[in-house]
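Here is a short tour of one helix, its surroundings and a residue that touches it. Have the model open as you read.

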Amino acid sequence: SRDSMANIALRARSRSTAGAEAEPEAMGGDVFWCCTPRFETACFALCALNTAPLGGFVRSAMEASLKEISYFITDTAAYIVSKMWDDMLASELFKINTLFLCSEKYDRPCNQPAPTHIQFEFSFTLLAACALIKTWIETRASRNNRGTLIVPTMLGMLVGWSFGRAFLELRVDAELGVFSCA
């Protein structure tokens with residue numbers, strides 16, 4: 001039954017393209033019933049439960065967009081690492097943010113977020129430190145070392161997380177009517 005479905009799909013494809021043979025130039029070259037010949041063959045093969053042509057089409061599309069996929073993965077990694085750095089610096093090291101998983105169950109005492117002015121002091125200090133690190137990396141690091149090229153992006157996101165937390169604390173203070181900017 002699988003072979004008969006493949007034959008039906010191929011016959012349907014040949015019928016659908018029979019009338020188009022006289023006018024391929026008018027339709028932009030190798031345009032078939034609904035799209036390109038490779039894609040149409042892959043679609044008919046998929047209907048016949050033969051996924052090999054579709055796999056080839058997907059593989060070629062993936063190879064064509066490999067650079068964009070690589071950029072997406074790199075940017076996602078920068079996002080994740082910058083958030084981890086922010087959590088480590090703000091919560092664990094400087095204790096200006098609440099600790100994650102803090103409770104007696106996890107044997108981690110909870111702390112209150114630092115006042116707004118401390119949050120902003122931390123953010124501006126982090127901004128200056130990240131600017132220095134970025135300048136150092138750009139002057140010292142080799143242009144061929146791809147690992148260092150992502151660090152400025154991570155530093156920018158790290159500063160963004162910090163200022164975001166400071167402005168959130170400012171908003172909470174404004175809603176409560178408490179301003180702790182001394």
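A nonpolar patch on the surface is formed by Tyr79, Ile80, Met84, Trp85 and Met88, which together have about 510 Å² of accessible area. Patches take residues with over 30% relative accessible area and no salt bridge, nonpolar side chains (Val, Leu, Ile, Met, Phe, Trp, Tyr) being joined within 5 Å; a salt bridge puts a side-chain nitrogen of Lys or Arg within 4 Å of a carboxyl oxygen of Asp or Glu. Areas come from the Shrake-Rupley method with a 1.4 Å probe, and only the protein chains shown count as cover.

This is a predicted model, where local features need pLDDT of at least 70 and side-chain atom pairs count only at pLDDT 80 or more, while totals for chains, interfaces and linings use all residues. Residues are numbered from 1 along each chain as its sequence is written, and side-chain values use heavy atoms, without hydrogens and water.

Two residues make a handy pair (buried is under 20% relative accessible area, exposed over 50%, partly exposed in between). Helices are DSSP runs of H or I with at least four residues, numbered from the N terminus.

| Residue | Helix | Relative accessibility |
|---|---|---|
| Met84 | H4 (residues 66-93) | 52%, exposed |
| Ser162 | H7 (residues 151-176) | 0%, buried |

Buried residues of H4 include Ala78, Ser82 and Asp86, and its buried residues pack against helix H5 (116-140) and H7. From H7, Ser162 touches Asp86, Phe122, Ser123 and Leu126, leaving aside residues up to four places away in sequence; contact means heavy atoms within 4.5 Å. After H4 comes Lys95, with a positive phi near 55°.

Notes:
Helices (H or I, at least four residues) and strands (E, at least two) are DSSP runs, numbered from the N terminus. Buried means under 20% relative accessible area, exposed over 50%, partly exposed in between (1.4 Å probe, protein chains only). Patches are made of residues with over 30% relative accessible area and no salt bridge: like charges are joined within 9 Å, nonpolar side chains (Val, Leu, Ile, Met, Phe, Trp, Tyr) within 5 Å.
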